[in-house]
Amino acid sequence: MMKIKVNENFAALKESYLFSEIGKRVRAYKEAHPEKKVIRLGIGDVTLPLAPVVVSAMEKAVKEMGVKETFRGYPPEYGHDFLREAISAYYKRKGVKVAAGDVFVSDGAKSDVGNIVDILGKNTVLIPSPVYPVYMDSNVMSGNKIELLEESEADGFLGSPCVLDGETYVIYICSPNNPTGATYDRAGLKEWVDYALESGSLIIFDSAYEAFIHGDYPHSIYEIEGAEKCAIEICSFSKTAGFTGTRCAWTVVPETLETESGFSLKKLWARRQATKFNGVSYPVQRGAEAALSEEGVKECAALVDYYMENARLISEALSEKGVWHTGGVCSPYIWLKCPNGLSGWEFFDLLLEKVQIVGTPGEGFGDAGSGYFRLTAFGSREDTMEAVNRLKTIL
Ligand code: MLT
């Protein structure tokens, strides 16, 4: 037997990560019922291929890698300048000032959300509920003190700092929210920035779904004055440009983020990334750069529109059946209340057993998600239409 010590905080986690648990249950069902066609509307994984402009840029980059004169070894640890500049320009087109030097390219928003705890000490962490489970799990792994900001239908699933007492927190905000789709307007986000500035808190703002926003809502926390002094922003090409399998994202850590004790968060993150991360491959970064070009943005918007039509179809069917739901307007997720008082996991089992549809139980996003359920609009149109027909038979 080994005598080493392990990180015992892991004992406080649920046995498996939400989407691994769902995958396990679906595999078991398929093994038992190989003749049934299961439609997956669980994990938010895209189904449309990469935009043509992205593919061409990647092909060209791969060819460069096969020629001695243009071959490249390790990528720069914080991302190629061409991509950092393209991200900065993407913000600029939205009227937001983000310096290219404050942008750190990575292989995914999930990695950055999970890794950011490395540079933070023992703070109290404020996590909305329901929300993307990685915020919670990564802080549990670090043994951090966690407070939940419970959200509900009553507040439109948008928590407000008015319930807080001025304590300093590391505050997680996901807007548009995964799973509810709730999106802060400028006034709502300003309340959080003002709170953070007054209380000396840090906001970790997850904007992975900003490309799905329809309407006048902020796409970046840096649209709010003062955010550059209290917020880190994490964004991704996964959902916007279909990069779930290609892997590329970025995190903005402004130069202006400094602690009372004289630490620069940007320096800490730079040091962390240089030590533990070796960058994103050149062809992928060229593809990401192309996704942010004028043509790329247009092509990617067409992907988003396709998924939003799926969301509309799901929402229409739920309305027809009188099922309470929200989302699908600024996000690719529909958040619904399970019928007949079922729990999310009970509804999960029912849908899988009776109509072979996989969704995500609300409980997986925190206790405040109990009794709710998430369906993703990222399926193919055919699958979504089939799912809608099947859903109507049991609702
Ligand atoms: C989700 O389904 O919530 C997301 O796809 C998970 C992720 O982005 O890691």
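This is a short exchange about a ligand site and one glutamate in a predicted model.

Visitor: Which residues are around the ligand?

Guide: They are Phe-19, Ile-43, Gly-44, Tyr-132, Asn-178, Tyr-209, Lys-239, Tyr-333 and Arg-374. By class, five are nonpolar, two polar and two charged.

Visitor: What makes the pair of Asn-178 and the ligand a polar contact?

Guide: A polar contact is a pair of N or O atoms within 3.5 Å. A polar side-chain atom of Asn-178 lies 2.8 Å from a ligand oxygen, so the pair meets that limit. The side chain of Arg-374 places an N or O atom 2.7 Å from an oxygen of the ligand. Gly-44 uses a polar backbone atom, 2.6 Å from a ligand oxygen.

Visitor: How much of the ligand does the protein bury?

Guide: The ligand alone exposes 260 Å², and the protein buries 84% of that.

Visitor: Which domains supply the shell around the ligand?

Guide: Domain 1 (16-45 + 296-392) and domain 2 (52-292) each give at least three residues.

Visitor: Now to Glu-210. Where is Glu-210 found?

Guide: Glu-210 is in the loop between strand E6 (202-206) and strand E7 (231-236).

Visitor: Why is Glu-210 called buried?

Guide: Buried means under 20% relative accessible area. Glu-210 has 3% relative accessibility, so Glu-210 counts as buried.

Visitor: What does Glu-210 touch?

Guide: Leaving out residues up to four places away in sequence, Glu-210 touches Tyr-90, Lys-94, Pro-176, His-219 and Cys-235. With His-219, the two side chains make a polar contact at 2.8 Å.

How values were computed
Residues are numbered from 1 along each chain as its sequence is written. This is a predicted model: local features need pLDDT of at least 70, side-chain atom pairs count only at pLDDT 80 or more; totals for chains, interfaces and linings use all residues. Side-chain values use heavy atoms; hydrogens and water are left out. A residue is near a molecule or strand if one of its heavy atoms lies within 4 Å of it. A polar contact is a pair of N or O atoms within 3.5 Å; within protein, one must be able to donate a hydrogen and the other to accept it, and residues adjacent in sequence count only if both atoms are side-chain atoms. Accessible areas come from the Shrake-Rupley method with a 1.4 Å probe; for residues, only the protein chains shown count as cover. Ala, Val, Leu, Ile, Met, Phe, Trp, Tyr, Cys and Pro count as nonpolar, Asp, Glu, Lys and Arg as charged, and the others, Gly among them, as polar. Domain bounds come from an automatic or database domain assignment. Helices (H or I, at least four residues) and strands (E, at least two) are DSSP runs, numbered from the N terminus. Buried means under 20% relative accessible area, exposed over 50%, partly exposed in between (1.4 Å probe, protein chains only). Contact means heavy atoms within 4.5 Å.
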